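Colleague: I'm new to this one. Could you walk me through it?

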Amino acid sequence: MGRDDVIAFWFGEPDEVTPEFIRQAGIDALHAGDTFYTQNSGIPELRQTIASYVSGIRTAVSEEEIAVTNSGISALMLTTQALVGPGDRVVIVTPLWPNLVEIPKILGAEVVTVSLNFGPAGWSLELDRLIAALTPNTRALYVNSPNNPTGWTLSLGERDALLSHCRHHGIWILTDDAYERLYFDDESVAAPSFMDVRAQDDRIVSTNTFSKSWLMTGWRLGWIVAPRPLMQQLSKLIEYNTSCAPGFVQRAGIAAIRGGEPVVSRTRARLRIARGTLIERLQGVSGVEAALPSGAMYAFFRIKEIGDSLAFCKRMVRDFGLGLAPGIAFGPEGEGFLRWCFATSQERLEQGFGRFERALEAERARQGTDHR
């Protein structure tokens, strides 16, 4: 951090600033004096806008089922606080962004992880193994799809089988839908989701964020879609955590949803091209195993001779000015892998890849291996 010579791909963040019309909405709200507390669950206009947006791409929801939060991570924490307590059993699909694995642990839950499998076609879910882990005493299943870091995306068949099993045993499903619009396998408006088939009485909670699809990482704005009986509890928890999201930020959120579809479409198209470029380059390197991710904004690839991903990433930063995320950061299943965020320009990707090749060559020389 703070080194000007480092090309960093370690954060899950697009390299573009928030579009001007969204920034202007926040500026206008500030000029209008929107600097006061708002309702715990968000201003009605934003909740209505989110409800309309979700209803347009998923099943119908009402504003009474929406809570606005200070970021997507806050939405995940609040939902877990509402659902999970000490000793509760939680099942989580991994590798995964570490924050989501640690949240239930902080609250005293027993966390059981079920790892995705990696092969030539990419990452896949062993459905029978996950269902076996979802025992009747399980409180909640956590699913991030499209997944950070792997890009794995839940299939329709997997979704339906899991929903049927969780309905039967009364297991809550908490979905992290941060990357739902960044989906590449087909031209669907969004990745498959439990929200597509959610019934009013289902124990399904969807958390989301403005960060990725609308290029708003620094604004810290997200939302929760949850059954109405849970909303009173969530409103209390928002009061006890942050009280409310800033009004002027919420006004920017309204502008983002109402005028942001071209932004989302362009971002997805840009990422699709970058994904293809990076994966093709990685697949051309001997000893590197990489596959096209279905969604999100990351290449999560394996290097055969890298046993300590953190040590290798530290050497890359120190000696070559290249910043990638070590796979071990996403759980023990990620050891030997690296995560590369490709939400950036083609030119920057090429610069980074040149440094990666030199770093890998140096690593192999250090180990006395040669893959030429």
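**Cores and salt bridges**

Modeller: Sure. The largest nonpolar core (buried Ala, Val, Leu, Ile, Met, Phe, Trp, Tyr and Cys residues joined through side-chain atoms within 4.5 Å) holds 52 residues, and I50, L130, F210 and W214 have the most contacts inside it. Keep in mind that this is a predicted model: local features need pLDDT of at least 70 and side-chain atom pairs pLDDT 80 or more, while totals for chains, interfaces and linings use all residues. Residues are numbered from 1 along each chain as its sequence is written, and side-chain values use heavy atoms, without hydrogens and water.

Colleague: Which helix gives the largest share of this core?

Modeller: Helices here are DSSP runs (H or I, at least four residues), numbered from the N terminus. The largest share is 6 residues, and they come from helix 2.

Colleague: Are R58 and E180 buried or exposed?

Modeller: Their side chains meet in a salt bridge (Lys or Arg side-chain nitrogen within 4 Å of an Asp or Glu carboxyl oxygen), at 2.9 Å, N to O. Buried means under 20% relative accessible area, exposed over 50%, partly exposed in between (1.4 Å probe, protein chains only). R58 has 11% and E180 has 7%, so both count as buried.

Colleague: How many residues apart are E65 and R198?

Modeller: E65 and R198 form a salt bridge, with the closest N and O atoms 2.8 Å apart. E65 sits in the loop between helix 2 and strand 2, and R198 in the loop between strand 8 and strand 9. That pair links distant parts of the chain, and the separation is 133 residues.

Conventions
Helices (H or I, at least four residues) and strands (E, at least two) are DSSP runs, numbered from the N terminus.
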